[in-house]
Amino acid sequence: MARDGARPSYDPAGPDHALRTALQDLRTGRWMAMRALLAETTEGWQWTQRTQVLAAAAAGTDVVRAWLTEEPGSVHAAVMNARVGVERALRARREQHRRTHQLWIEAWDTAQSATAAAPLDPVPWVCLLALSQLDPEQRWEEHRAAPPEPMLPPAPWGLLAEADRRDPFNREAHHRMLQFLYARGGSGRLAEAAGYAQWAAGRAPAGSALHLLPLYVRVERYRRDSGHDAALDLHWVAEEAGREARHALHTWFERTRPAERALPDLNHLAHALWGSLRFQEAHRVFEAIGPYFTPPPWMYRTRDRDRAVEVFVQARDRCRAAADGPRP
């Protein structure tokens, strides 16, 4: 569908049609489709992804609470309740809402309850990791645990270990750790995040989405440096940037099934390859993205973030032209 030049759109469900159906039901106040979808979700990566997307849609409603009231013994409802609580607390922090601390404590309680209700599920531990970014001063002991390597900073390593124990190399768990490191602020802290991303990617097996973590840190650094300035395009053609993009292409993209690729990862990889002038390789990734896109990282290439889709289309067209080659 990318080949026909159609304007892409942002859809949190992406090509997951079953998830899209559940989201439509959820937005009308019904939870049965969500319940059925989660009951049939067996892949670990898909479980984490679907619960995250559903929670983002449910956070402004009472749908999950209604489900839990109807089925108080439902383990899936308990996990979704934790997911929704965390989403609300993080939104409150972004909006500097006066109830942020209260929502944080409530979310922590529901996540702790979910760890007991679903002892083999990584998602409750991912929820606790997500909440750690609300404690950038590391006042909570669990947020300043000793690192596994001397060059890494104290952080919620115990929470990450619990998520990893249940789902090794869980994509969202490691992104939540990155967000915790970002929240601590300062250029030195960003260097810590970069070191962490390299460490995590270096431990990950071929096919793991953790190989893209350095691309995310590079986008974060670009964003903080007012990345929309044209002079900073040199940030993307540096040898290290190109090496990171090629590594992610060969170690992740070429070693995974299409269904296993998260849309944000595809978009970050296409962006990195395009930015490092590897247009033909980027074209392959744009083809995999199809009619969908995610605003980050494209939104950081323009002062007007509503123009993110235009930046995406320009990059896609440039890479397609390179792949097609000169016409006779």
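P297 sits in helix α16, which spans residues 295-298. In this predicted model, that stretch comes with a backbone quirk: the peptide bond between P296 and P297 is cis, with omega at about 5 degrees. As background, most peptide bonds are trans, and most residues other than glycine have a negative phi.

On the phi side, there are a couple of oddities to look at too. Q96 is not a glycine, yet its phi is positive, at about 55 degrees. This residue belongs to the loop that runs between α5 (75-94) and α6 (100-117). Its relative accessibility is 71%, so Q96 counts as exposed, the cut-off being over 50%. Q138 also has a positive phi of about 55 degrees without being a glycine. Here the setting is the loop between α7 (123-131) and α8 (157-166). Q138 is buried, because its relative accessible area is 11% and the buried class takes in anything under 20%. To put the pair together, Q96 is exposed, whereas Q138 is buried.

Helices α5 and α6 turn up again in the pocket analysis. The second largest pocket has a volume of about 240 Å³. Its lining is made up of 15 residues, and those closest to the pocket centre are R65, V84, G85, R88 and E106. As for secondary structure, at least two lining residues come from each of α4 (63-70), α5 and α6. The general idea behind such a search is simple enough: rolling a probe the size of a water molecule over the atoms shows where empty space is left.

Out on the surface, L234, V237 and L277 make up a nonpolar patch of about 300 Å². One of these, V237, is found in helix α12, a short label for residues 234-237. V237 has a relative accessible area of 39% and is therefore partly exposed. That value also clears the bar for patch membership, because patches are built from residues with over 30% relative accessible area.

Finally, the cysteines. The structure holds zero disulfides; a pair would need its sulfur atoms within 2.5 Å to count as one. Two cysteines are worth a quick look for their surroundings. C127 is buried, with a relative accessible area of 2%. C319 is buried as well, at 0% relative accessible area. Both values fall in the buried class because they are under 20%.

How values were computed: Residues are numbered from 1 along each chain as its sequence is written. This is a predicted model: local features need pLDDT of at least 70, side-chain atom pairs count only at pLDDT 80 or more; totals for chains, interfaces and linings use all residues. Side-chain values use heavy atoms; hydrogens and water are left out. Patches are made of residues with over 30% relative accessible area and no salt bridge: like charges are joined within 9 Å, nonpolar side chains (Val, Leu, Ile, Met, Phe, Trp, Tyr) within 5 Å. Accessible areas come from the Shrake-Rupley method with a 1.4 Å probe; for residues, only the protein chains shown count as cover. A salt bridge is a side-chain nitrogen of Lys or Arg within 4 Å of a carboxyl oxygen of Asp or Glu. Helices (H or I, at least four residues) and strands (E, at least two) are DSSP runs, numbered from the N terminus. Buried means under 20% relative accessible area, exposed over 50%, partly exposed in between (1.4 Å probe, protein chains only). On a 1 Å grid over the protein atoms alone, a cavity is a set of points where a 1.4 Å probe fits but cannot get out, and a pocket is an open set with protein on both sides within 12 Å along at least five of seven lines; lining residues have an atom within 4 Å of a point. Grid points are joined across faces, edges and corners, and a volume is the space filled by probe spheres set on the points.
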